[in-house]
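Please look through the structure shown below, and then follow the report section by section with the model in view.

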Amino acid sequence: MIASCLCYLLLPAARLFRALSDAFFTCRKNALLAKSSSTQVEGDFAMAPRGPDQEECEGLLQQWREEGSSQVLSTSSEGPLVDKGLAQSSLALLMDNPGEQDAASEDKWSSRQLSDLRAAENLEEPFPEVLGEEPLPEVEGPMWAAVPMQTGPQYADCAVLPMGALAAEQWEEDPAVVAWSIAPEPLPQEEAPIWPFDGLGQLQPPPMEIPYHEILWREWEDFSAQPDAQGLEAGDGPQFQFTVMSYNILAQDLMQQSSELYMHCHPDILNWNYRFANLMQEFQHWDPDILCLQEVQEDHYWEQLEPSLRMMGFTCFYKRRTGCKTDGCAVCYKPTRFRLLCASPVEYFRPGLELLNRDNVGLVLLLQPLVPEGLGQVSVAPLCVANTHVLYNPRRGDVKLAQMAILLAEVDKVARLSDGSHCPIILCGDLNSVPDSPLYNFIRDGELQYHGMPAWKVSGQEDFSHQLYQRKLQAPLWPSSLGVTDHCQYFSSCHPKRAERLKYSRDFLLQFRFCDIACQRPVGLVLMEGVTDTKPERPADWAPSVLEEDTLEPEPVFPRTVGTIQHCLHLTSVYTHFLPQHGRPEVTTMPLGLGTTVDYIFFSAESCENGNRTDRRLDQDGTLKLLGRLSLLSEEILWAANGLPNPFCSSDHLCLLASFGMEVTAP
């Protein structure tokens, strides 16, 4: 009877011990996950420590569980061993502060606790479940308190631990966990934790989903005052202002052929109808006066793009790539701002020439700006606009240089004025070359020494220096049969023009009637009686003709330079290819997740001296002045938007947009 009473007296203490042990392991699990007062805690409760040393309690309980005590406080035949001292010793061990005891005391508590727990295994009558029982009596002294979890309003799936519950004691934070957790609101009295990994940034995910248009926000960089309503700007002189956009819109066929490059994208945003709507919205938003497009799929152009752009007020010209390719380049302009003077498509493919056996193309237009009638008798110089998409292959820099030489020769022919100078030029396109690469420097500086250069180095896209065999450029880069000089000009464009055209009168031609060469029988002439059997005789009164010396100028001979190509178009880039406010390079595309710049807008600029230095070329605005540009983005910003394409930007390239002004002069 006495043993039975003792068992019933021990029921509350045993239940309390079991609840405390379960709560302890739940808390320890959360502590191992967060190692701190993190706002993300698993389970139904989070534990806020208030007293005993965690490691000692964990070690004792773990040792007890490993020795086979899986069923805690089960019935035992040795009732007299289970008395009130069991509960008192268990609570004393959990509630006491072990820091105040010495090593001998710790060993004593450990052995006593283990003996009590072993005795508890022999209880015969199991205790009822803790849940559903009456509340446990409060225990005096410090203890582990269970704090119910709360769910934040912005994170339905994340449990948030109240910060006030952990104000008594701050846990040590693990940066490896915090870096992938939602950052809690910092307390004003505490300092931010120090990130221990040098050279690595601590990434904190945003607390909520940021709209794409905010992540990909691009600012307009204005370099001049606002123009008036007529599109002209007052300053040193009136200017004709217009905007130019260059955009690689990603042909659908090419995207499907290289689907492995777009595995990070949801299939819905890769659908052409979705992308087409986004592209048209982008065109309408920026509303450029001249639109240069690359990777324009032919069927999409004729069925959707051209009709839609025509409705927006554009006149479009399209050049499909040669061979079996289904995409090409397009140049569109607004006829209310420009009048077409000539359009010249450019094909880089040359049959029988291994250097130019690729199907890339270009398009060159000569436009005449239309000045408002209210300005009176004023004039603006013509504008030459070129658009191209150069070969991608990073290993074939020789092909890229030859293609660019042909395009520059065509631009030189179209933009050349009667006095030998050039009208303002704008060159747009995807050049598949990075900034400060040899190809880029050739366009900007007008000269390149290529002899002996590895072909992969021309574009700078990839580094193949580790390969044993490397194709190197040899001089001359292209044969003379191409018809292009090393100055990137056509042979016909280099011929000096005659002062006047030769006029041949009847009398001038008759003087050759009885010349010596006319009286000689041609070799191999078939003898025909009455036709070719006679020899013309010069009349007696006919003075022997004295042929004047040939006044025709000999064909000019253009010597080939040794390993150097040049051009005289004086081009410079709209963009600086660096974001000073972010300290990062600009990015126009992200192939395989790596940001780089391959799209450009070059324009005419006059070179100026750089003091006493001649090793670097500076440019100043000539008749074509850069008024503004649309800023580009960094690789980190595009990563935050899941790269390219994304739901907001429907191409794997960013569009380039610039505003220019042309001098308006009186006739």
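## A hairpin and its neighbouring strand

In this predicted model, strands E8 and E9 form a hairpin with 6 residues between them, and Gly 323, which sits in the turn, has a positive phi of about 75°. Strand E8 covers residues 315-320 and runs antiparallel to E9, to which it is joined by 6 bridges. One place to look for this pairing is Cys 316, whose bridge partner in E9 is Cys 332.

Strand E9, made of residues 327-333, also pairs in the antiparallel sense with strand E7 (residues 290-297), again over 6 bridges. Here Val 296 stands opposite Gly 328 of E9. Strand E9 is mostly covered, since 7 of its 7 residues are buried, and residues count as buried when their relative accessible area is under 20%.

## The nonpolar cores

In soluble globular proteins, nonpolar side chains tend to be buried together. The largest nonpolar core in this model has 62 residues, of which Phe 242, Phe 283, Ile 290, Ile 426 and Phe 660 touch the most other members. Strand E23, residues 656-665, gives this core its largest share, 6 residues. A second core, separate from the largest one, holds 48 residues, including Leu 353, Ala 415, Cys 423 and Ile 565.

What is Ile 426 in contact with, once its neighbours within four places in sequence are left aside? Its contacts are Phe 242, Val 244, Leu 383, Cys 384, Val 385, Ala 386, Ile 601, Phe 602, Phe 603, Leu 624 and Phe 660.

## Backbone details in the loops

Two peptide bonds that lead into a proline deserve a look. Ala 475 and Pro 476 are joined by a cis peptide bond with omega of about -5°, and Pro 476 lies in the loop between strand E15 (447-449) and helix H12 (491-494). The bond from Leu 644 to Pro 645 is cis as well, with omega near -5°, and the place of Pro 645 is in the loop that runs between helix H14 (635-640) and E23.

Positive phi values are also found in residues other than glycine. Cys 488, with phi near 55°, lies in the loop between E15 and H12. Leu 592 has a positive phi of about 55° and is found in the loop between strand E19 (584-585) and strand E20 (599-610). Is each of these residues buried or exposed? Cys 488 counts as buried because its relative accessibility is 2%, whereas Leu 592 counts as exposed because its relative accessibility is 68%.

## A nonpolar patch at the surface

Some nonpolar side chains contribute to the surface: Tyr 504, Phe 508, Leu 509 and Phe 512 make a nonpolar surface patch of about 380 Å². Among them, Phe 508 lies in helix H13, which covers residues 506-510. With a relative accessibility of 30%, Phe 508 counts as partly exposed, a class that lies between buried, under 20%, and exposed, over 50%.

## Salt bridges

How many salt bridges does the structure hold? There are 15 of them, and one is formed by the side chains of Glu 298 and Arg 320, which meet at 3.4 Å, taken from N to O. This pair links distant parts of the chain, with Glu 298 in helix H9 (residues 298-311) and Arg 320 in strand E8, 22 residues apart. Glu 298 is partly exposed at 30% relative accessibility, and Arg 320 is partly exposed with a relative accessible area of 28%.

In another salt bridge, the side chains of Arg 416 and Asp 412 meet at 2.8 Å, N to O. Arg 416 counts as partly exposed at 28% relative accessibility, whereas Asp 412, at 2%, counts as buried. The side chains of Arg 584 and Glu 636 also meet in a salt bridge, at 3.2 Å from N to O, and they link distant parts of the chain, because Arg 584 belongs to strand E19 and Glu 636 to helix H14, 52 residues apart. Arg 584 is partly exposed, with a relative accessible area of 37%, and Glu 636 is partly exposed with 41%. Finally, Glu 354, Arg 396 and Asp 398 are joined into one network by salt bridges that share partners.

Notes. Residues numbered from 1 in each chain as written. Predicted model: local features only at pLDDT ≥ 70, side-chain atom pairs only at ≥ 80, totals over all residues. Heavy atoms only, no water. Core = buried A, V, L, I, M, F, W, Y, C linked by side-chain atoms within 4.5 Å. Buried < 20%, exposed > 50% of the residue type's maximum accessible area, 1.4 Å probe, protein only. Helix = DSSP H or I, 4+ residues; strand = E, 2+ residues; numbered from the N terminus. Contact = heavy atoms within 4.5 Å. Pairing = 2+ DSSP bridges. Patch = residues over 30% accessible without salt bridge, like charges linked within 9 Å, V, L, I, M, F, W, Y side chains within 5 Å. Areas by Shrake-Rupley, 256 points an atom, 1.4 Å probe, with all protein chains shown as cover. Salt bridge = Lys/Arg side-chain N within 4 Å of Asp/Glu carboxyl O.
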